[in-house]
Every structure is written in structure tokens, then in C-alpha cells.
Amino acid sequence: MNVSEKELHTKLRRMRSLLKFEPHIDVHHRSFLDFLNEPSRSGGYCVSEQGGQRRYLELVVDLIVRHVSIVIQNPH
């Protein structure tokens with residue numbers, strides 16, 4: 001995502017009533033995830049479970065590729 005942790009927290013701070021930030025970003029209430037998974041309720045904000053998992057895996061793979069690239073360029 002190319003966003004620092006501080007930047008991410010700044011961008012998400014208005015969502016404090018929905019999200020908790022320690023020890024990692026998570027939701028306070030399961031109902032928020034239910035809302036996001038239901039297109040009739042969340043409309044354009046809908047995130048399917050499959051789509052969310054795919055995006056998560058894309059981010060993980062991207063981080064691994066960047067880390068390996070850095071290690072290859074600077075093995076020390």
C-alpha cells in the first residue's frame with residue numbers, strides 16, 4: 001500500500017468508533033463486517049469475503065516480493 005503506519009492511522013482516525021488499532025487494526029463489532037459483506041446494506045462500500053481475501057493475499061505477496069528484492073539487492 002506504500003503508506004506508513006502513522007499515515008494509515010491518520011487516515012483511519014475518523015473511524016475510531018468502528019476500528020481498534022492495538023495490537024493491530026481490527027473491528028470493534030462483528031456487525032460492521034456483516035454490514036460490509038452485505039451489498040444491500042453497504043452498497044458501494046461492499047467488500048465480499050472472497051474479494052477481501054484476494055486483496056489480502058495480493059498485499060502479502062507484494063510485501064514478500066519487495067522484501068526478497070531488497071535482500072537480493074543488498075544481501076548483507
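This passage looks at the nonpolar core, an aromatic pair and a surface patch in a predicted model. Residues are numbered from 1 along each chain as its sequence is written, and side-chain values use heavy atoms, with hydrogens and water left out. Since the model is predicted, local features need pLDDT of at least 70 and side-chain atom pairs count only at pLDDT 80 or more, while totals for chains, interfaces and linings use all residues.

Start with the inside. The largest nonpolar core has six residues: Leu12, Leu19, Phe21, Val27, Phe32 and Leu36. Such a core is a set of buried Ala, Val, Leu, Ile, Met, Phe, Trp, Tyr and Cys residues joined through side-chain atoms within 4.5 Å; buried means under 20% relative accessible area, exposed over 50%, and partly exposed in between (1.4 Å probe, protein chains only). Setting aside neighbours within four places in sequence, Leu12 is in contact (heavy atoms within 4.5 Å) with Leu19, Phe21 and Ile25.

Phe32 turns up again in the one aromatic pair that the structure holds. Its partner is Phe35, and the two rings are stacked, at 6.4 Å centre to centre with 20° between the planes. Rings of Phe, Tyr and Trp (its six-membered ring) pair if their centres lie within 6.5 Å; planes under 30 degrees apart count as stacked, over 60 as edge-to-face and the rest as tilted. Both residues lie in helix H2 (residues 30-37), three residues apart, or about one turn of the helix. Helices (H or I, at least four residues) are DSSP runs, numbered from the N terminus. Phe32 is buried, at 16% relative accessible area, whereas Phe35 is partly exposed, at 26%.

Elsewhere, Ile72 sits in helix H4 (residues 49-73) and is exposed, with 63% relative accessibility.

Terms used. Helix = DSSP H or I, 4+ residues; strand = E, 2+ residues; numbered from the N terminus.
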